[in-house]
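Trainee: I would like to go through the contacts in this model with you, and to ask for each term what justifies using it.

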Amino acid sequence: MKKIMFIIPLSIFILTGCWDKHEIEEQAFVVVIGLDDSEKEDGVSVTYQIANPQVGIPNTGGEKEVASEIITFTAPDFITARDLANATVARKVNFAHTKAMVIGEDFIRTEKAKKFLTSGIRDREIRRDIQVVVSKEKAADFIKNNNPNLETRPHKFYDLMTGRWAETGLVPLSDLQRYFQRIESKNDAYLAIYATTEKSDDDKYGNEDDYLPGQIDQKGSSRTQLIGSALLKDGVMIGTLTGEETRSALNLRSKSIAKYMRVTYKDPFNKKYRVAALLTKPRSNKIEILTQEVTPKVNVTIPLSFKILAIPSGENYVTNLENQELLRRHVEDTLKKKYNELVKITQEEYKINPFNWSRVARKNFLTMQEYEEYDWDDKYTNADVNIKVEVKFTGFGKQLGPPKVDEKDEGK
Amino acid sequence: MNIKKLFSNRKKFEVTRNSSKEEKIKDNLEHNISTLSSIFESSINSDFVIRQCDVLSLEKKASTFFLNGLVDPKEIEEFIINALTNSEENVNKNMDIEQLVNDIIPIKNIKAVSMISECVQGLNNGQTLLLVEGIENGFLLDTTKIEHRGVETPQNELVIKGSNEGFVESVAINKALIRKQLRYEKLVSDNVELHNRAADSVSLMYVNDLVDKDVVEDVKKRLRDIDVDTIQNIALLEQYLEERPYSLVPTILYTERPDRVVSYMLEGHVVILAENSPACLVVPVTFWSFFHTAEDNYQRWAYGNFIRIIRLLCFLIAIVTPSFYVAVTTFHIEMLPTDLALAIAAKRETIPFPVIVEVLIMEVAFEILREAGIRVPSPIGPTIGIVGTLILGQAAVEANIISPIMVIVVAITGLSSFAIPDISFSFMIRVIRFGFLLSAAIFGLFGIVICLTLSVAYLTTLHSFGVPFLSPKTPYNPSSKDLIFRRTIRKQRIRPTNINPQDSTRK
Amino acid sequence: MNKYKLGTREMVAILLITIGTKFTDATPNLLFPKTYMATWMVPLFAAGMIAIPLAIFLHLLNKYELGLVDLVKKLSGKFVGTVFSSFIFIFYLVGTAFLMSDYVFILSTLYFPQTPDYVILVVLAVVCFGIASGGPYMIGRTAWIVLPYVMIALALLLILAMVEEMDTAYLFPIFGKGLDVVVKESFLKNSIYVETITMATFIPFMTKVKQYSKAAIIGLSILAIEMSFFFMFYVTIFDAYSLEDMLLPFQHLTRVVELGRFISNFEGYFLVFWLIASIVKYTVYLFVTAHLFTQTFNVKSTRFHLIPITTLMVLIGMYPDNLISSSFLYRNTVLHIGSFFFFILPFLLWILSLRKKASASP
């Protein structure tokens, strides 16, 4: 009798399943959430991209199925929308593996978007490391049109693509965590990945990085482009930065995590060509902010190391030390100019800095009251910014001098 | 009521059993012969041999008794019968009779006894009894020769580096194997007679100037309290000695390696040896003894610790893997890498059972395979492998009964449980695994944690012959810290003091 | 002398687990909205503040070689002693019950949203009861066994967190809302270390009273540093402005850390160690509460009284409706009361002992 008393509840437990027990195949994994404005005042247009697990797995019959299911509908917010999603999806909608949140540019430019975004964090499945991507078009269109050819499963694309920031610096690291940080501290601008799947009308040639998404004149089947960043002030988008500007902004931050930026600079001797180099930041910037006076003074020293990658002009910058010094000066000047331009734009146009300089300014104060009274964001617009770039050559590749090119041959 | 009955039965039984054995040896030879004949049922027991002869030198009648099969017939013929019947010269009639027997019979060990019960025990142990007319003493002559296996490699505790002698089913040989490895005058072998029908004797071996005397007394007391017909071997003795018979955790170490035994004796442990067992028991032991093997110390420091790490890993894997799989796939899906989550989901889509049932099917199938593998007669042994791999590895997956990842989970679990050196421990892990599995099915990781914590807490309450099971870790006692990892041999200078050795430094 | 009794190690383990899990629950949420980036100073200041009464208390313990309740009773007389120790008992009963419901809310919010709270509460209580009924030795030894693993997990978390983008600049402005606020909060919350005093209940099960003093001093110094370190990490990773609204920073920290692209969701692994520590913690509390009861009212068998006390705790634990009420309202109040009481108690006892000495000498 005792044994039966024990076995019955146990078997009920196991057979009926417990409250939070959900078999893995009963769940639908949303990999991307898209948010757009809806006509309704208290609603938001939500797009879910749900991965199809069977795609890419042999012997499951999933070879012919589509990689993901994309559904769009209007709901009060993107958390409760999952119940609505069950009208079409037969599985429990799960956000545990959500990689990215795509937000349409039109939407993020409104205060409404901020409210919907911040309200979502309450849910336990929404993780703070979800990437925020701002799409030029509607998020629903972006998700629909984004068909990467290399990655079979949709989550992989976002996983790998957003991971590229660490290498190239063309897009910033933009996760929800940082988004909330900026909103809550009310300092500094937030940079989000800027992307599109639509071709822009104003194609241009911007060397290696001076583009906004859609401007790169690329041929190929996938039209998705992630480059540059959307600049958000207090959670609302107010402007864009090109890929080049994004890189500059990252370099102006005290600690940039971007590891390798391949950049080119005009050859000082031969204006036709550009010198290619690999740019890294070996140390943190030295940033000094003087807040005693009415207009704050900002002194930034940026240490950079350069590895020459290619010298198409054939000039000797390697063994000729004079030329080397010249190139170094040239690079320093170019960079300084670029950085100053960016700072100017942020001061005059956006009136907020995306360089996280408020953290440096904070050090000058003892208590929060003093700091808040000072109002760094307001003072920044008139701040006197001094930028110093220190370039060091650290490598020249595995070639010494330039190849001997006959002047005559070149003339032909 | 029942208990009372039991007691009364036992008393009656004891009375009948001991009536003739209590007697002393009489000076009447005929009387003695008939007593012994009746004890050994000589009318139907063909192994009981009585050989009568006249001892010329004493001019007296004498009888020798022995049990066929336990004695060396050649020895009896050559050294006893011959000696008794032939020798007539040089006998000093005035000498004590004991001295005389000693002189006459050229055999290694002669013991004079006066009680019938002693005679019976001697005969049962393969000695030859000599009774002489008119003398109230019997002589037990050591002619024991019991057949047993030769010394072979141990069956379960194999090592790559180190001696490969294992115990055999003879106490004498086993003692020899131990003494061979530890030639030390304080190594004693203490015989304890059990109070039971067959009057088994059990040997305790320990190093007298190291051992905790209280433990020896404790062991002796427990041995004396055993009250059954006979203890056939050490595996049964183990179950009579342990404190918690229902517990899953073994508290007595069963080992078949003399070198391991010696190393334990040098730490102050007591070793129990009994006939017919190719192994011996070590008490008191701690958790760590079950975790260690002989090889850990034979291999150099780095290698020894490496295999310890592997074993620790196996220990964890064997207990937790299936339950962890269940917990992660049904409760904590976010813990899986996205690709793995999708892969598992894809494969599980066509499986008709919940994960827990899937795991149970495979675990039970594996246990069946394991049990069958031991019981199967060796000529058809290879079929087990074929059936196992085919059914578990392939057919079940193709038939959509289980998912392929399940095969990996069960295989790694099974493999890890094989790497646990001690059989009792391995059993323990195999059993508690199911407990973990069920609680993981109910509460996910919370369930696993509950089981883990309860297991640890339970282990801390155990004692083995008065020594806390997790000492010297907790309660802390100074030791050489040979627990999960070991130090270099040179640094293992202190004996574990939780065992209470009389001398705590090794010198 | 029984060499298998509890020693310094087990006592340190008990202290580290009971106090050392406080930064993983809602305690930071009581502090961050008040002291912001200066929160990391609070554990240090609080430890400094409690060090004085603790030193007096340890001095008295060593002098009289008695457990907590016996000492209180001996010094303040039978009646007052009983009143004092029943206050400690009720403090523990209510505090533990609220803390327990705190943890249940954490579990249900983050890991088991659909499981009813009372199920988790009852399961937790039953498990803790099971271990606690094994007695003080079982508890102390279990704590010591699990301590290294918990510590390794915490260290791993910190190492992984360091890989994340953390910025020491977040620690500024250094005094947060001002040094006065920090000092005030440190005093009000000094009862986070109250276990260094109340765990003296375990003294009858220890080999020597000296070992308790040693454990309390070691424990307090490790804990002050550990807790301050963790608060510092919370700030440098999340920024104090975010922490103001962020419930359960520890759980967030475990969610933020990642090891490359592949293993990004770590919180489950930390959940394991956190749960182990929590179970041991509640076991300790449960036993201490029951033991306080039996000692205060001079009844035998702590084990027997565990059953009603566990039941009572579950019932009280079910009272708060949610984490906010249990943690912010009730626990905050309990903490404040405890801070005053346990700060004053040692001084009071000391004066009494001096008086006793004075009256005994002539």
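**Contacts between domains and between chains**

Mentor: Between domain 1 of chain A and domain 2 of chain A there are 12 residue pairs in polar contact, both residues being at pLDDT 80 or more. This is a predicted model, in which local features need pLDDT of at least 70, side-chain atom pairs count only at pLDDT 80 or more, and totals for chains, interfaces and linings use all residues. Residues are numbered from 1 along each chain as its sequence is written, chains are lettered from A in the order in which they are written, and side-chain values use heavy atoms, with hydrogens and water left out.

Trainee: What makes a pair a polar contact?

Mentor: A pair of N or O atoms must lie within 3.5 Å; within protein, one must be able to donate a hydrogen and the other to accept it, and residues adjacent in sequence count only if both atoms are side-chain atoms.

Trainee: Why is the pair Glu244(A) and Lys338(A) called a salt bridge?

Mentor: The term asks for a side-chain nitrogen of Lys or Arg within 4 Å of a carboxyl oxygen of Asp or Glu. The closest N and O atoms of Glu244(A) and Lys338(A) are 2.5 Å apart, so the pair meets the rule. The count between domain 1 of chain A and domain 2 of chain A is 1 salt bridge.

Trainee: How do you know where the two domains of chain A begin and end?

Mentor: The bounds come from an automatic or database domain assignment, which gives domain 1 as 25–252 and domain 2 as 254–404. Their contact (heavy atoms within 4.5 Å) takes 29 residues from domain 1 of chain A and 37 residues from domain 2 of chain A.

Trainee: What is meant by the area buried between these domains?

Mentor: Buried area is the accessible area (1.4 Å probe) that two parts lose on being put together, summed over both. For domain 1 and domain 2 of chain A that comes to about 2700 Å², with carbon and sulfur atoms giving 51%. Between chain C and chain A the buried area is about 3400 Å², of which carbon and sulfur atoms give 47%.

Trainee: Why do Arg127(A) and Glu267(C) count as a salt bridge?

Mentor: Their side chains meet at 2.9 Å, N to O, and the limit is 4 Å, so the term applies. Across the interface of chain C and chain A the rule finds 3 salt bridges, together with 19 residue pairs in polar contact, both residues at pLDDT 80 or more.
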